[in-house]
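This report is meant for a reader who is meeting the structure for the first time. Please keep the sequence and the model in view while reading.

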Amino acid sequence: MARGWWIWGIVVTLVLLAPSFPALVAAEPTAANPRVEFQEAFGRLKKLMADMTVMQAQYQQPKADKAALEAKFEATKREAEAAGGRLETAAAALLAVEPQDAAAREIASAAMAGALQADDPARGLTMAAALEAADAIDADAALLAATAALVLSRLDEAGTWLDRA
């Protein structure tokens, strides 16, 4: 149960920070084992999120050094953005070799949703194409791709993605 909560926390973080992430396309694994890279990236982002939560609680304390905490929080936020990009890349690499991995699919779908939220539907379609090439696209990702195609007024492409969903 606890792992499920963290996955959703990371999914929300990815959606919020996605505008600063690299595109999910033809990702090259940075480790010899994509599963290990994914787990390391997931763990790093999880730790950074926990650190940011602690900083938020410390900020509320009456004698907190708010300026120092704000600076530390901003630095950690930038590090989390980089870690989110690493996680997105690791998820794509893992899906290339294990297309049915549920956690990697969730991360990839969250990255697609983040691209749409960031008003970058073309990036969302690029991500969907990469997932489809790896045979890792699921119904949720196909619906996100259809939405992206509709936003771009590519009605035939939207219909194809809807059929895939």
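A residue is called buried when its relative accessible area is under 20%, exposed when that area is over 50%, and partly exposed in between, all with a 1.4 Å probe and protein chains only. The model is predicted, and for that reason local features need pLDDT of at least 70 and side-chain atom pairs count only at pLDDT 80 or more, while totals for chains, interfaces and linings use all residues. Residues are numbered from 1 along each chain as its sequence is written, and side-chain values use heavy atoms, with hydrogens and water left out.

**Overall build**

The protein has seven helices and zero strands, where helices (H or I, at least four residues) and strands (E, at least two) are DSSP runs numbered from the N terminus. Along the sequence, the pattern accordingly reads α-α-α-α-α-α-α. Of the 165 residues of the protein, 41% count as buried. The accessible surface, computed by the Shrake-Rupley method with a 1.4 Å probe, comes to about 8,700 Å², and 58% of it belongs to carbon and sulfur atoms. If contact is taken as heavy atoms within 4.5 Å, residues 24 or more positions apart account for 72% of the contacts with a separation of 6 or more.

**The largest nonpolar core**

A nonpolar core is a set of buried Ala, Val, Leu, Ile, Met, Phe, Trp, Tyr and Cys residues joined through side-chain atoms within 4.5 Å. The largest one here has 38 residues, and F38, L87, M112, L131 and W161 touch the most other members. At least two residues of this core come from each of α2 (34-59), α3 (66-97), α4 (102-117), α5 (121-133), α6 (139-151) and α7 (155-164). In soluble globular proteins, nonpolar side chains tend to be buried together.

**The pairing of α6 and α7**

The axes of α6 and α7 are 8 Å apart and make an angle of about 170 degrees, each axis being a line fitted to C-alpha atoms over the stretch in contact, with angles running from 0 to 180 degrees between N-to-C directions. Angles under 35 degrees count as roughly parallel, over 145 as roughly antiparallel, 65 to 115 as roughly perpendicular and the rest as oblique; α6 and α7 are therefore roughly antiparallel to each other. On the α6 side A142, L143, A145, A146, A149 and L150 take part, and they meet L155, E157, A158, W161, L162 and R164 of α7. The residues of this contact divide into 10 nonpolar, no polar and two charged, with Ala, Val, Leu, Ile, Met, Phe, Trp, Tyr, Cys and Pro counted as nonpolar, Asp, Glu, Lys and Arg as charged, and the others, Gly among them, as polar.

E157, a residue of helix α7, is partly exposed, with a relative accessible area of 28%. Leaving aside neighbours within four places in sequence, E157 is in contact with L125 and A149.

**Two loop residues and two C-alpha pairs**

Most residues other than glycine have a negative phi. D119 and S153 are listed below.

| Residue | Loop | Phi | Relative accessible area |
|---|---|---|---|
| D119 | between α4 and α5 | about 60 degrees | 63%, exposed |
| S153 | between α6 and α7 | about 60 degrees | 60%, exposed |

The C-alpha atoms of E157 and A146 are separated by 7.2 Å, with their positions 11 residues apart along the chain. A82, in helix α3, is exposed at a relative accessible area of 53%, and A82 and L45, 37 residues apart in sequence, are 9.0 Å apart from C-alpha to C-alpha.
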